[in-house]
Amino acid sequence: MEASTSQMLNFEPPPIFCNSCLGSTDPEYLTYNLAVSGVLLAIVGMIGLIGNILVVKTYLHPELAIHSTSIYLAALGFSDFFLVLTAMFLFVLEAWRHHDYPTLAYLYVIGAPIVFPVAAVFQTSSVYFCVAAAVDCFIVVVLPESVKVLYCTPRRAKMTCLILFVICCAYNVPHFFELEKVDCLDDNGLDSMQICPTDIRLDAAYYAIYYTYMYTTFLAIGPLSLLILLNVCVVFTVVTKGSNEENGEDDTISLILVVFFFIFCNFTALMVNFMEIIFDDPTMLVYFVDLSNLLVVVNGTANFFCYFIFGTSFRNTLKKTILGAPAKRSAVLWINDQENKNQQTSLI
């Protein structure tokens, strides 16, 4: 009796099968996942990485960095770069590791518990940098000049971006406790490793509060509603009165398009979130989740093309950035810079 009790105390449950933590093992889905996340997302992501590097370098060029809008768009490009980079790690590696690539599988399992929360940080910061840029555009285009001079300065923009990023990091701390590496048995009965959700992530109360209510409020309906309202006001003002923005009306239009594109791409993610709540059918949801992930990367990639096609000042400064031409500030730009410096001095 004592021996059997000792054996029970030392008993360890057998390892789980690796497939038990996968959303779907259907061969048709795995083919779809490889095409969408493994190939298409990888191609779009590579373009996005290059484009966002150019966005950051261009908007931080001395000729554009004197405008608060440029600071917000540079911050958005910085955030989108790391959003695309982490998304490629999570989704491209995740797609290919199911097709007999043990090295990729090992890298994914080791890195995912850290890369996933980091990706969540940059996804959140991209949302709020876009909101900050939209608010800045609203102030510049719609509100009186006195308000613009007071709030739309590079110094305030930099401080706002820093504060927003710190808040985004704090908001996503729980994600660091949602995934864990576990030992498992593969299809051949051999020891392997897999990424599985932790008990915290599977807790019903945690999921309801953090994913359902907080996500919907702070990352979906809240920001999207605000962006729609701000964009409608800006569009109405541009159409009826024209834009007097120093960067030019075409740059205002490019920012309007960026916001509209952001709304469209992230609306799909919101729909997937609601579908996950309403429908308890993972075999159907995984298809929409892959599409949603692709659209997030597409959004982080497309901004460069909006700036390039519709923004004259961005296009001209990009040429100087690529060719390495020295910055040449016009008299108007120099005066505006001096006004910003004077305004910053009066605020200290």
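This is a short tour of aromatic pairs, one kinked helix and a few single residues in a predicted model.

**Stop 1: Y59 and Y307**

With the whole structure in view, a search for aromatic pairs returns 20 of them. Start by selecting Y59 and Y307, which make an edge-to-face pair with ring centres 5.3 Å apart and 90° between the planes. Now colour the helices they belong to: Y59 sits in α2 (residues 27–59) and Y307 in α10 (residues 282–310), so this pair joins distant parts of the chain, 248 residues apart. Are these two tyrosines buried or exposed? Both Y59 and Y307 are buried.

Keep those two selected and add F304, F305, F308 and F314. Together with Y59 and Y307, these residues form one aromatic cluster.

**Stop 2: V286, also in α10**

Stay with helix α10 and pick V286, which lies in it. V286 counts as buried because its relative accessibility is 12%, under the 20% cut-off. Then show V272 and draw a distance between the two C-alpha atoms: they are 9.5 Å apart, with these positions 14 residues apart along the chain.

**Stop 3: helix α8**

Next, select residues 204–241, which make up helix α8. The helix has 38 residues and spans 51 Å from first C-alpha to last, close to the 56 Å expected at 1.5 Å a residue. Where should you look for a bend? Centre the view on T216, where α8 has a kink of about 55°.

Now move to the N-terminal end of α8 and show the side chain of D203. This residue caps the helix, with a side-chain oxygen 3.2 Å from the backbone nitrogen of A205.

**Stop 4: Y210, Y211 and R201**

Select Y210 and Y211 next. Their rings form another edge-to-face pair, 5.7 Å centre to centre and with 80° between the planes. Y210 and Y211 are both buried. Add R201 to the selection, and turn the view until you look along the plane of the Y211 ring. R201 lies over the face of Y211, at 4.4 Å from the ring centre.

**Stop 5: two cysteines**

Finish with the cysteines C161 and C233. How many disulfides does a search of the whole structure find? The count is 0. C161 has 9% relative accessibility and therefore counts as buried. C233, in contrast, is partly exposed because its relative accessible area is 28%, which falls between the 20% and 50% cut-offs.

Note on methods. Residues are numbered from 1 along each chain as its sequence is written. This is a predicted model: local features need pLDDT of at least 70, side-chain atom pairs count only at pLDDT 80 or more; totals for chains, interfaces and linings use all residues. Side-chain values use heavy atoms; hydrogens and water are left out. Rings of Phe, Tyr and Trp (its six-membered ring) pair if their centres lie within 6.5 Å; planes under 30 degrees apart count as stacked, over 60 as edge-to-face and the rest as tilted. Helices (H or I, at least four residues) and strands (E, at least two) are DSSP runs, numbered from the N terminus. Buried means under 20% relative accessible area, exposed over 50%, partly exposed in between (1.4 Å probe, protein chains only). A charge sits over a ring if NZ of Lys or CZ of Arg is within 6 Å of the ring centre and within 35 degrees of the ring normal. A disulfide is a pair of cysteine sulfur atoms within 2.5 Å. The expected span of a helix is 1.5 Å times one less than its number of residues. The bend at a residue is the angle between axes fitted to the seven residues ending there and the seven starting there. A polar contact is a pair of N or O atoms within 3.5 Å; within protein, one must be able to donate a hydrogen and the other to accept it, and residues adjacent in sequence count only if both atoms are side-chain atoms.
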